[in-house]
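Welcome, and please open your viewer. We will make a few selections together, beginning at the ligand and finishing in the loops.

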Amino acid sequence: MTHQYFHGSIEVVCGPMFSGKTEELIRRVKRAQIAKQRVQIFKPAVDVRYDVEDVVSHSSQVIKSEPVENAVDILIRLKDSTRVVAIDEVQFFDENIITVVTKLAARGYRVICAGLDLDYRAQPFGPMPTLLALADEVMKIHAICTVCGAPATRSQRLTAQKERFLLGESDFYEARCRGHYQHDEVEEQALLPLEEEIKPLAGHLTN
Ligand code: ADP
Ligand code: MG
């Protein structure tokens, strides 16, 4: 694999809340550091849940990071000696993150991104679909459903707030499997046209 990093690469770690994305990011960063590669870790400045500067996992693993206001700040803060760029909570960045990540890989950096593939409505989150498509390597990991213990792919919001960016932890969100994830009413309405569209296929979808 090492030669791949020399040419640059994009790795994306995705999944719902509590699935271990940050733990996996930290694991990869630590291994790169063992290999004596210089790593810079970024996170969006909006994410101040545990700490302004540190990236902290739900299991309290910690690593120092540089909070940035926007994607372009990553390019501005990049040091010459850096080989690996790790970005946590990458779903919070705007679409510019796609250009930044692509440029970094083209310049030979190994880029490791971790982020939510789906928002709380179970819809693809911001730049994630494109990042996943452009990635050289994708890891989609599961949390544990808080209702039944099955692998969880979705983040259930426990409050009625409707904004997409609602920072919070187990007070606001729970990991859920497909069966125990509940769409809110507004979301059910939004899904109706899609169901109309696939009606002609219904006969094929019943089983
Ligand atoms: P993420 O970055 O994906 O939100 P973290 O890496 O911060 O996840 O935390 C993962 C850790 O969260 C697990 O190792 C476990 O200790 C803890 N955890 C808490 N609730 C759950 C859950 N429902 N499913 C799995 N892990 C959970
Ligand atoms: Mg995380």
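**Stop one: the ligand**

Select ligand 1 and isoleucine 144: a nitrogen atom of the ligand lies 2.9 Å from a backbone N or O atom of this residue. Keep in mind as you look around that this is a predicted model.

Now show the surface. On its own, ligand 1 has 580 Å² of accessible area, and the protein covers 74% of that. Which elements give two or more residues to the shell around ligand 1? They are helix 2 (21-34) and strand 9 (143-144). Colour helix 2 next, since you may like to see the element with the largest share of the shell, three residues.

Next, select the 14 residues around ligand 1; those that come nearest are Lys21, Thr22, Glu23, His58 and Ile144. Colouring the shell by class gives six nonpolar, six polar and two charged residues.

Two further distances are worth drawing. Threonine 22 has a side-chain N or O atom 2.9 Å from an oxygen atom of the ligand. At glycine 20, a backbone N or O atom is 3.0 Å from a ligand oxygen.

**Stop two: two loops**

Most residues other than glycine have a negative phi. Go to serine 60, where phi is positive, about 70 degrees. Serine 60 sits in the loop between strand 3 (54-56) and strand 4 (62-64). Is this serine 60 buried or exposed? Its relative accessibility is 56%, so serine 60 counts as exposed.

Finally, select alanine 122, whose phi is also positive, near 65 degrees. Look for alanine 122 in the loop between strand 7 (110-116) and helix 5 (128-134). With a relative accessible area of 14%, alanine 122 is buried, the cut-off being under 20%.

Conventions:
Residues numbered from 1 in each chain as written. Chains lettered and ligands numbered in written order. Predicted model: local features only at pLDDT ≥ 70, side-chain atom pairs only at ≥ 80, totals over all residues. Heavy atoms only, no water. Near = heavy atom within 4 Å. Polar contact = N/O pair within 3.5 Å; in protein donor to acceptor, adjacent residues only side chain to side chain. Areas by Shrake-Rupley, 256 points an atom, 1.4 Å probe, with all protein chains shown as cover. Helix = DSSP H or I, 4+ residues; strand = E, 2+ residues; numbered from the N terminus. Nonpolar A, V, L, I, M, F, W, Y, C, P; charged D, E, K, R; others polar. Buried < 20%, exposed > 50% of the residue type's maximum accessible area, 1.4 Å probe, protein only.
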